[in-house]
Amino acid sequence: MTRSLVWDRVATGVFWAIGVFVVLVLGAIILHFLLASIGTLSLDFLTSDPSRTELGGVGPILWNSFYILVLTMLITVPLGTIGGIYMAEYAGDGRIPNLIRLSQELISSVPSIVVGLFGLALFVTALGWSFSALSGAMALTVFNLPLMMRLSEQAMRAVPQDERDASLALGSTKWQTVRHVVLPLAVPGIITGIILTAGRIFGEAAALIFTAGLSTPMHYDFTNFDLTDPQSPWSPFHPATTLSVYIWKLNSEGLGNYVRQIADTSAAILVIAVLLFNLGARTLGSVLHRRTTGSR
Amino acid sequence: MTTEENVSIAEPPTTQVAPATPVAIRVAVRPEGAEQVVDNEVRIKVEDLNIYYGARRAVRGVTMDIAANAVTAFIGPSGCGKSTILRCFDRMNDLIPDARVEGKIVLNGEDIYAPGVLPVEVRRRVGLVFQRPNPFPMTIYDNVAYGPRRHGQSDKKALDQIVENSLRRAALWEEVKDDFRKKSGLALSGGQQQRMCIARTLATEPDVILMDEPASALDPISTLKIEDLIHELRQRYTIVIVTHNMQQASRVSQMTAFFTLGEDRAGYLVEYDQTAQIFTNPKQQLTEDYVSGRFG
């Protein structure tokens, strides 16, 4: 066998081994938490209050996680998509768009604990929203918006120039072209982006410790629709510990008999949720891609 | 240029004295021979057209009149600027950031590069068929209805009529009449896609149809269908076609313009005459060398 063939085999083997290693690590993480949550993970655990004396569940905390997720998405998806349209179709390569791109990268690389401190100063203190779901969602928006903008910009840039030219040559305006050709073709990419960022938001802890807070109303009354009442689960002003923050809290200062089990089970829920988000993104992305390109 | 003479321009064309205002162009009805010749009115008048990309001049001093209800072929070696000139006729070059156009292009008596003329308006009167079929990922119906819809036609019956007429004129109706409302444009064969793109252009009711090597990506049978279609369309439309294929130019066109690259790397018009003249009895040596296959 010649030298080049030997090296070809070696290279293939190394890449294969790295791939297997990555899969094993992921499998080990999932398996560890699944095994640790056996006996604890149940519908009751997902819905009951943490304050119970026997084995407290994560009902309100899970609610908070989804509440903050939805609130953040309501803010970032429209703004991020509009920003992405601007960056992809209108901005070009001038000074201002380059400044925007630089800012996007910088914000994305700021540690999330720092974003949390910023949120504490601005939303919690200066704006007086105190520790609340809204403060948390705004802190998450700070670093999720640039990411969302970037992802939707990329989805739109991936639309072939041919399609734009075809539309423009038929006498459509630029906005008509964006609205009727570019956006529909970019939707699968944008939705994939939304779900992937959703996974990130769902798992975020550091930025929420100082903004959404470490507490939650003990008993949620879902018939209380007073949006200004910090005790109402529907109000953006209720303090809202999320699942990740709860895990951190249990592990650092939790007391009681079941702390270990509760933390591990919460972690299992978190891992499964994020995994589902990612699988969902893939499936929905490919379904939408097939539908919009008509290759069914 | 008078009604009796045809243009033939020797390098450098910029020294050419501006011809008298033309009223008609003598066009051979049958491309194979000039036995039957009629006078067509002028649809597009090009006056001393220069096209620049940044500081580089890509096209130099083109002056020509394009006859209504005739097919005019642009031939010449790669890079001689024939597509660039074609794309000026519907201001698609406006989309290239540093492209600049000097001179006049007069369509139906109006300079389409005059200040205040909107490219969108020009493109509604001048259709462009691209080299590669570029259907939108929508149904055939939605593809063809795209232009009229963007121009404000929303009446369903009117749209139905436009779509059917356009598909008939593009010689595609018989092949798709059963499923054109459901079938994706992408599910058609390459040749059918190109005819659908032509139907899409016809639906906007242009005066002029520009075709940029419309058959170069197609198989021979599809190519013949497109050529037959061009013959049909000449009755109603003014057609300008860029082609690499000299047989195609001689088959489909009544007038032929031969362009080549000058020593300054700018394309210019060498000779413009009835197609039969260009291919059998050209006045310029360069033309003769090109059509006889000695270069290019």
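**Notebook: chains A and B of a predicted model**

I began with the surroundings of F45(A) and, leaving aside residues up to four places away in sequence, I found F45(A) touching T40(A), G57(A), V58(A) and T265(A). I note at the outset that this is a predicted model, and I read every value below as computed from it. I then looked up where F45(A) sits along the chain, and its place is in helix α2 of chain A, which covers residues 43-47. Is F45(A) buried or exposed? F45(A) counts as buried, because it has 21 C-beta neighbours inside 10 Å, and 20 or more are needed for that label. I also checked F45(A) against G56(A): the two are 11 residues apart in sequence, and their C-alpha atoms lie 7.1 Å apart in space.

My second residue in chain A was A155(A), which I located in helix α6, residues 133-157. A155(A) is buried too, since 23 other C-beta atoms lie within 10 Å of its own. For its contacts I again left out residues up to four places away in sequence, and A155(A) then touches A186(A), G189(A), I190(A) and G193(A). I took a long separation as well: A155(A) and D49(A) are 106 residues apart along the chain, and 42 Å separates their C-alpha atoms.

Next I turned to chain A as a whole, in which I counted 11 helices and 0 strands. Reading from the N terminus, I wrote the order of its elements as α-α-α-α-α-α-α-α-α-α-α. The C-alpha trace of chain A spans about 70 × 65 × 40 Å along its principal axes, and 37% of the 296 residues of the chain count as buried. When I restricted the contacts in chain A to residues at least 6 apart in sequence, 74% of them joined residues at least 24 apart.

I gave helix α4 of chain A, residues 95-109, an entry of its own. Its 15 residues reach 21 Å from the first C-alpha to the last, close to the 21 Å expected at 1.5 Å a residue. How many of the 15 residues of α4(A) are buried? The count is 0, and I therefore recorded α4(A) as hardly covered, given that a residue needs 20 or more other C-beta atoms within 10 Å to be called buried.

I then examined where the two chains meet, and found 17 residues of chain A in contact with 22 residues of chain B. On the side of chain A that touches chain B, α7 (161-169), α8 (174-203) and α11 (259-293) each supply at least two residues. Of the elements of chain A, α7(A) gives the most to that side, with 6 residues. By residue class, I split this side of chain A into 6 nonpolar, 8 polar and 3 charged residues.

My last entries concern the strands of chain B. Strand β3 (residues 42-53) and strand β6 (residues 99-107) of chain B run antiparallel and are joined by 8 bridges, and in this pairing I found Y52(B) opposite R100(B) of β6(B). I followed β6(B) onward to strand β7 (residues 110-111) of chain B, to which 2 bridges join it, again in antiparallel order. Which residue in β7(B) is the bridge partner of V106(B)? I identified that partner as D111(B). The hairpin of β6(B) and β7(B) has 2 residues between the strands, and I noted that N108(B) takes a positive phi there, near 50 degrees.

Conventions:
Residues are numbered from 1 along each chain as its sequence is written. Chains are lettered from A and ligands numbered from 1 in the order in which they are written. This is a predicted model: local features need pLDDT of at least 70, side-chain atom pairs count only at pLDDT 80 or more; totals for chains, interfaces and linings use all residues. Two residues are in contact if their C-beta atoms, placed from the backbone, lie within 7 Å. Helices (H or I, at least four residues) and strands (E, at least two) are DSSP runs, numbered from the N terminus. Ala, Val, Leu, Ile, Met, Phe, Trp, Tyr, Cys and Pro count as nonpolar, Asp, Glu, Lys and Arg as charged, and the others, Gly among them, as polar. A residue is buried if 20 or more other C-beta atoms lie within 10 Å of its own, exposed if 12 or fewer, and partly exposed in between; C-beta atoms are placed from the backbone. The expected span of a helix is 1.5 Å times one less than its number of residues. Two strands pair if DSSP finds at least two bridges between them.
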